[in-house]
Amino acid sequence: MTPTLPTLLVLDADPPPRLGRLTGRARIEHTDAAGLAERLPAADVLLVWDFASHAVRRAWPGTGPRPRWVHTASAGVDHLMCPELAVSDTVVTNARGIFDQPIAEYVAALVLAVAKDLPRTLELQRERTWRHRETRRVAGTRACVIGSGPIGRAIARTLKALDVTTALVGRVPRTGIHGPGDLDRLISRADWVISAAPLTEQTYGMFDTRRFGVMQPSAVFVNVGRGGLVDEDALAEALRRRWIAGAALDVFAAEPLGEESPLWGLPGLIVSPHMSGDTVGWRDELGSQFVELYERWAAGRPLRNVVDKKRGYVPGH
């Protein structure tokens, strides 16, 4: 008798993942958000390839039949976590390790671009205007990186290579990492405040009017974490009132950012479309990572990148 293959359900996005290595090892089915609720109870494994979708939270079957394992092709898991999933015995894994260095490079590029006034240089070039200016030196400046996971640590390493004195803030203080109690003191001295934290109940809206008021007028704020970490109205006010010198956002509370959003026209704000971790070939890396995890799961071996569903991230960092 032929053994029954596990059912792998993929919440699709375009382009779909390359899962050819799993041919004959899984019954692969595909769905969009509209069909997820109906098909979810019959799945053994759910691959959330459409990592921007909130469909899992709406479709999760609660106490009924459900997948034994959910993998999201993203570092953050806030888009899929719901109380029913959090208390279930379903294992959740994420794409930890794929985006660390690309995001760190992107942050370093933003720091250099702002310090060297590259946005203005490009504007003046388009205007055919020759205007000499002085720019900031990056070496010797201070950065505070909020989020001590792999992405935050990669950002800290990369900035240190530019001779930026970098402090790392995590949920729990330990060797080389400051705790939340040090955050206000550190951002009050920082030239660069880098947000790379996961979105949890404790971190939601942590960058608010008070926090922007704590920063020095020459500070630049960068968010490559999650949009919900920032009170966008408070940031807008801080930029208009020149409480801080500038900001760069790669993530937003609502994505894509609507044409009517006032954020587009704020002075000193760089807007990018959630692309800091997306380098050439990133989707293939995500697909390969999932296939390797599936092979471990099918063989009964422990999975990597297992998320603590109560905390909202992979522990141990």
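Biologist: How are helix 4 and helix 6 set to each other?
Modeller: Helix 4 and helix 6 are oblique to each other, a word for angles outside under 35 (roughly parallel), over 145 (roughly antiparallel) and 65 to 115 degrees (roughly perpendicular). This is a predicted model, where local features need pLDDT of at least 70 and side-chain atom pairs 80 or more, while totals for chains, interfaces and linings use all residues. Residues are numbered from 1 along each chain as its sequence is written, and side-chain values use heavy atoms, without hydrogens or water.

Biologist: What angle and axis distance do they have?
Modeller: Helix 4 (residues 100-115) and helix 6 (residues 150-161) pack at about 45 degrees, with axes 8 Å apart; helices are DSSP runs of H or I, at least four residues, and strands are E runs of at least two, while axes are fitted to C-alpha atoms and N-to-C angles run from 0 to 180 degrees.

Biologist: Which residues meet there?
Modeller: Among them are Ile103, Ala104 and Val107 in helix 4, and Ile151, Ala154 and Ile155 in helix 6.

Biologist: Now the sheet: in what order do the strands run?
Modeller: Five strands form an open, parallel sheet in the order 2-1-3-4-5, where pairing takes at least two DSSP bridges. The edges are strand 2 (27-31) and strand 5 (91-93), each pairing on one side only.

Biologist: And is Thr93 in strand 5 buried or exposed?
Modeller: Thr93, which lies in strand 5, is buried, at a relative accessible area of 0%, since buried means under 20% and exposed over 50%.

Biologist: What is Thr93 in contact with, beyond four places in sequence?
Modeller: Its contacts (heavy atoms within 4.5 Å) include Trp69, Val70, Leu293 and Val306.

Technical notes:
Buried < 20%, exposed > 50% of the residue type's maximum accessible area, 1.4 Å probe, protein only.
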